[in-house]
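Let's take a walk through this fold together. Have the model open so you can follow along.

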Amino acid sequence: MSLEFEGKAALVTGAASGIGLAVARRLAHSGAAVVVADYDADGAQLAAGELETAGGRAEPLVMDVTDPDSVRQAVRFTTDTYGSLDLAVNNAGVGGPSLPTGEYDIAAWDRVIATNLSGVFYCLRHELPVMAQAGSGAIVNMSSILGTNGFAGAPAYVAAKHAIVGLTKTAALEYADKGVRVNAVGPGFIDTPLLRETDNPMRDRLISLHPQGRLGTSEEVAELTAFLLSDRASFVQGSYHLVDGAYSAR
Ligand SMILES: NC(=O)c1ccc[n+]([C@@H]2O[C@H](COP(=O)([O-])OP(=O)(O)OC[C@H]3O[C@@H](n4cnc5c(N)ncnc54)[C@H](O)[C@@H]3O)[C@@H](O)[C@H]2O)c1
C-alpha cells in the first residue's frame with residue numbers, strides 16, 4: 001500500500017513544538033521526508049529523532065524565519081537533501097505580550113511582526129520559485145482565528161495573522177496557474193506550549209470562547225493541514241480554513 005505523501009519532501013517551520021511538531025509527525029507518518037526546521041536546536045533534533053524512531057524520514061535544521069538568508073538556506077537544504085520541495089508549512093510563530101494597542105511595546109511589535117508576518121513572507125519568497133519551477137507544490141500558512149477576528153491585547157499578533165490571510169490569497173492568485181496551491185489555516189486556541197504561558201483564569205476564559213467547551217489539539221490542526229497539502233484538496237486554492245470548535249461561528 002502506498003502512503004499519501006510517499007516520495008514528497010516537506011519543509012515545516014516551527015516544527016520542534018506544538019502544531020508544527022504535530023504536522024511534521026502527520027506528514028512523516030504518511031510517507032513524506034520532513035525537514036524539521038526551528039530555531040530551537042535541541043527541540044528540532046529531538047523531534048526529528050522521534051520521527052525517525054517511528055519509522056519516518058526526517059532531518060533537523062536550525063533556522064530562523066526572521067532571517068531571509070536562513071530561510072533561503074532552509075529551502076536549499078530541503079532540495080539538496082531530498083531532491084525536491086513539494087510541501088511547505090509556514091508555521092513558526094510567537095505570541096507576544098498582552099497589552100492594549102495604545103501601550104504596546106514597540107520592540108515586541110517588531111518581534112511579533114518579524115516572526116509571524118515577515119517570516120511567512122520570507123518562506124513564500126523562497127519556496128514559491130522552487131515549486132513553480134517544478135510545476136507543482138502545496139503550501140499552508142499558519143494563520144489563526146485571529147486572521148479574521150480582533151482580540152483585545154494582541155495588536156501585533158492579530159495584525160500579522162490578518163496579513164497572512166491576504167498574503168495567502170495573493171500568492172495563490174499569482175501561482176495557481178503554475179501548479180502551486182497556497183492556503184491558510186485558522187486554528188482556534190490550541191493546547192500547545194505557546195498557550196501554556198497564559199495563567200489559569202485566562203486559560204478558562206479562552207476555553208469558554210469555544211462553543212465545544214475545550215481548546216483544540218495540535219493533532220486536529222495537523223489533520224486539516226495534511227488534507228490541504230494533499231491531492232485530495234486539488235481544487236482548494238487561496239482560501240482560509242478554520243479549525244476552531246465554532247469560535248468564529250458566533
Ligand atoms: N496555540 C494556539 O492557540 C494557536 C492558535 C492559532 C494559531 N497558532 C499558530 O500556530 C503556530 C504554531 O504555534 P504553537 O502554538 O504550536 O506554538 P509553539 O510555541 O508550541 O511552537 C512554535 C515553534 O516555533 C518556533 N519558532 C519561534 N520563532 C521562530 C523563528 N524565528 N524561527 C524558527 N522557529 C521559530 C519555536 O521554537 C517553537 O518550536 C504559530 O504560528 C501560532 O501563531 C497557534
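What follows goes strand by strand, then moves to the ligand and a few single residues.

Keep in mind that this is a predicted model, in which local features need pLDDT of at least 70, side-chain atom pairs count only at pLDDT 80 or more, and totals for chains, interfaces and linings use all residues. Residues are numbered from 1 along each chain as its sequence is written.

Start with strand β1 (residues 9–13), which runs parallel to β2, with five bridges joining the two. Helices and strands here are DSSP runs (H or I, at least four residues, for helices; E, at least two, for strands), numbered from the N terminus. Two strands count as paired if DSSP finds at least two bridges between them. If you want a register mark for this pair, T13 has A37 of β2 as its bridge partner. Together β1, α1 and β2 form a right-handed β-α-β unit. Right-handed means that, with the strands pointing away from you, the path from the first strand over the helix to the second runs clockwise.

The helix in that unit, α1 (18–29), is mostly covered, with 11 of its 12 residues buried. A residue is called buried if 20 or more other C-beta atoms lie within 10 Å of its own, exposed if 12 or fewer, and partly exposed in between, with C-beta atoms placed from the backbone. Among the buried residues of α1 are G18, I19, L21, R25 and R26. Does the length of α1 agree or disagree with what a helix should span? At 1.5 Å a residue, its 12 residues should span 16 Å, and the end C-alpha atoms are 17 Å apart, which agrees. The expected span is 1.5 Å times one less than the number of residues. Just after α1, G31 takes a positive phi of about 105 degrees.

Next comes β2 (residues 33–38), which pairs with β3 in the parallel sense over six bridges. Here A37 stands opposite L61, and V36 stands opposite P60. From β2 the chain crosses through helix α2 (residues 41–53) to β3, in another β-α-β crossover that is right-handed. Why is β2 described as largely enclosed by the rest of the structure? Because six of its six residues are buried. A33, V35 and A37 point one way, while V34, V36 and D38 point the other.

Now go back to β1, which also pairs with β4 in the parallel sense, over three bridges. The partner of V12 in that pairing is V89. On its other pairing, β4 runs parallel to strand β5 (residues 137–142) over four bridges, and N90 is matched with N141. The chain gets from β4 to β5 through helix α4 (residues 106–134), and this crossover is right-handed. Both faces of β4 (residues 87–90) are covered, with L87 and V89 buried on one side and A88 and N90 buried on the other.

So where does the ligand sit? Of the 30 residues around the ligand, G14, G18, G93, T192 and L194 come nearest. A residue is near a molecule if its C-beta atom, placed from the backbone, lies within 6 Å of it. The elements that give two or more residues to this shell are α1, α4 and α6 (193–196). By class, the shell has 14 nonpolar, 13 polar and three charged residues. Nonpolar covers Ala, Val, Leu, Ile, Met, Phe, Trp, Tyr, Cys and Pro; charged covers Asp, Glu, Lys and Arg; the others, Gly among them, are polar.

Helix α5 (residues 155–175) holds A156. A156 counts as buried because it has 26 C-beta neighbours inside 10 Å. Leaving out residues up to four places away in sequence, A156 touches G96, Y104, A108, W109, V112 and I113; a contact means C-beta atoms, placed from the backbone, within 7 Å. The 21 residues of α5 should span 30 Å, and its end C-alpha atoms are 30 Å apart, which agrees. The cover over its buried residues includes α4, β5, β6 (180–187) and β7 (240–243).

Finally, look at two less covered spots. D67, in the loop between β3 (57–62) and α3 (68–82), counts as partly exposed because it has 16 C-beta neighbours inside 10 Å. A246 lies in the segment after β7 and counts as exposed, with 12 C-beta neighbours inside 10 Å. Its phi is near 75 degrees, a positive value in a residue other than glycine.

Methods: Contact = placed C-beta atoms within 7 Å.
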